[in-house]
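Reader: I like to know what stands behind each label before I trust it. Could you take me through this model and set the values against the definitions?

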Amino acid sequence: MSELTFEQMLEESFKTIRNGEVVEGTVIDVKPDEIILNIGCKADGIITRSEYTNEPNVDLTTVVSVGDPMTVKVLKVNDGEGQVLLTYKRLAAEKGNERLREAYENKEVLKATVAQILGGGLSVVVDEARVFIPASLVSDSYEKDLSKYEGQEIEFVISEFNPRRNRVIGDRRQLLVAEKAELQKELFAKLKVGDTVEGTVKNVTDFGAFIDLGGVDGLLHISEMSWGRVENPKKVFQVGDQVKVLVKDINDTKIALSLKFPESNPWANASEKYAVGADVTGKVARMTDFGAFVELAPGVDALLHVSQISKAHVEKPSDVLSVGQEITARVVDLNEAEKKISLSMKALEPETEAAETTEE
């Protein structure tokens with residue numbers, strides 16, 4: 001048997017590779033837009049920028065160095081110029097898809113940085129494999145503008161996995177819903193009627209404000225915002241305001257809140273301040289044909305009947321009084337249980353005036 005020449009032995013030492021084969025290589029040169037690998041073949045292997053990463057315009061010299069080992073996949077044994085075309089990205093994506101498949105089957109929570117904001121949602125990359133998170137699955141509430149998520153690291157689960165149809169769907173919403181449910185469970189376990197809690201104004205409507213108590217929303221109705229009258233909640237609260245509120249009622253998952261703290265109840269010492277016979281001062285708050293309501297303190301209104309305005313005949317309150325006018329009157333009746341006070345200005349008029357009026 002004849003001995004092989006050096007050239008023949010060298011030829012035999014080179015590997016025979018095929019399209020689609022996974023091979024090991026070593027980086028022998030790096031340019032900004034391509035990587036050259038020694039893969040043990042007659043020809044060197046080439047990885048273009050687009051076959052290394054999905055990131056556009058990345059300088060490959062900043063991410064790969066000469067001497068680095070790499071596992072790659074053969075795209076084309078001969079590109080026409082005697083070079084072997086390789087891909088790093090597609091092999092990584094295949095491995096990434098396998099990673100996503102396992103995460104899908106195990107319901108694993110993944111974490112990745114948002115790579116792109118799309119018209120219908122977010123795109124994230126896990127080991128070079130892309131995951132699409134539809135806008136409806138980004139949050140537990142509707143969000144019109146998703147730009148705030150750009151570059152943000154988020155957690156999600158894979159809710160649909162079909163790489164053949166290029167459908168790998170992520171879901172962040174169910175994690176937020178589950179987290180909120182857990183927070184609600186913890187909060188309801190320790191929350192009691194009568195507790196004073198702190199919260200953040202989440203939304204303000206014409207009928208009240210919704211307060212975030214830390215994962216659970218409570219309603220502060222307009223009637224519970226003050227012992228006095230509140231005409232428009234939007235003039236009192238703004239989204240983001242920090243408030244200390246009283247838990248008035250808990251009905252299943254609904255929480256009613258109040259700012260009417262017992263210690264500030266203006267009726268608490270009404271029997272002393274507004275005792276029958278006491279002279280009080282207040283402002284006319286509103287008027288009807290039968291009388292005027294006078295605000296003695298925030299939350300304490302008293303009725304001044306038209307017949308008690310003056311000893312002289314008064315047709316209707318607006319003939320002699322105006323809203324905002326300060327008056328002094330005498331308390332002629334107090335019903336503390338029903339929170340009703342009756343006033344009389346007539347009782348303060350001198351008797352001489354009454355006599356003169358009678359004579360006339």
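Reader: Which strands close into the barrel with the order that starts at 11, and what is the pairing?
Author: Five strands form that closed barrel, in the order 11-12-13-15-14, and the pairing is mixed. From one strand to the next the twist averages 50°. A word on ground rules: this is a predicted model, local features need pLDDT of at least 70, side-chain atom pairs count only at pLDDT 80 or more, and totals for chains, interfaces and linings use all residues. Residues are numbered from 1 along each chain as its sequence is written, and side-chain values use heavy atoms, with hydrogens and water left out.

Reader: What makes strand 12 and strand 13 a pair?
Author: Strands are DSSP runs of E with at least two residues, helices are runs of H or I with at least four, and both are numbered from the N terminus. Two strands pair if DSSP finds at least two bridges between them. Strand 12 (residues 208-212) and strand 13 (residues 217-221) have five bridges and run antiparallel, so they qualify as a pair. One place to look is G208, which faces H221 in strand 13.

Reader: Where is strand 1 in the other barrel, and what is the order there?
Author: The order is 1-2-3-5-4, again a closed barrel of five strands with mixed pairing. Its neighbouring strands are turned by 50° against each other on average, direction ignored. Strand 1 (residues 22-31) is joined to strand 4 (residues 69-76) by five bridges in the antiparallel sense, and G25 has M70 as its bridge partner in strand 4.

Reader: How do you know that helix 2 packs on the sheet?
Author: Contact means heavy atoms within 4.5 Å. Helix 2 (residues 89-106) touches strand 1, strand 4 and strand 5 (84-87), and its direction makes about 105° with that of strand 4. For such angles, axes are lines fitted to C-alpha atoms, for helices over the stretch in contact, and angles run from 0 to 180 degrees between N-to-C directions.

Reader: Why is the pair of Y52 and Y88 given the name it has?
Author: Rings of Phe, Tyr and Trp (its six-membered ring) pair if their centres lie within 6.5 Å; planes under 30 degrees apart count as stacked, over 60 as edge-to-face and the rest as tilted. Four aromatic pairs are counted by this rule. For Y52 and Y88 the centres are 4.9 Å apart and the planes are at 15°, so this pair is stacked. Y52 lies in the loop between strand 3 (45-48) and strand 4, and Y88 in the loop between strand 5 and helix 2, so the pair ties together parts 36 residues apart in sequence.

Reader: Are Y52 and Y88 buried, exposed or partly exposed?
Author: Buried means under 20% relative accessible area, exposed over 50%, and partly exposed in between (1.4 Å probe, protein chains only). Y52 has 14% and counts as buried, whereas Y88 has 28% and is partly exposed.

Reader: What makes E143 buried, and which side chains does it meet through polar contacts?
Author: Its relative accessibility is 18%, so E143 counts as buried. E143 is in the loop between strand 8 (129-134) and strand 9 (153-162). A polar contact is a pair of N or O atoms within 3.5 Å; within protein, one must be able to donate a hydrogen and the other to accept it, and residues adjacent in sequence count only if both atoms are side-chain atoms. The side chain of E143 has such a contact with that of S139 at 3.3 Å and with that of K148 at 2.8 Å. Beyond neighbours within four places in sequence, E143 is in contact with V138, K148 and Y149.

Reader: What is notable about phi in K107 and K339?
Author: Most residues other than glycine have a negative phi. K107 has a positive phi of about 55°, and phi of K339 is positive too, near 55°. K107 is in the loop between helix 2 and strand 6 (110-118) and is exposed at 69%. K339 belongs to the hairpin of strand 19 and strand 20, with four residues between the strands, and at 41% counts as partly exposed. Strand 19 (residues 326-335) and strand 20 pair antiparallel over five bridges.
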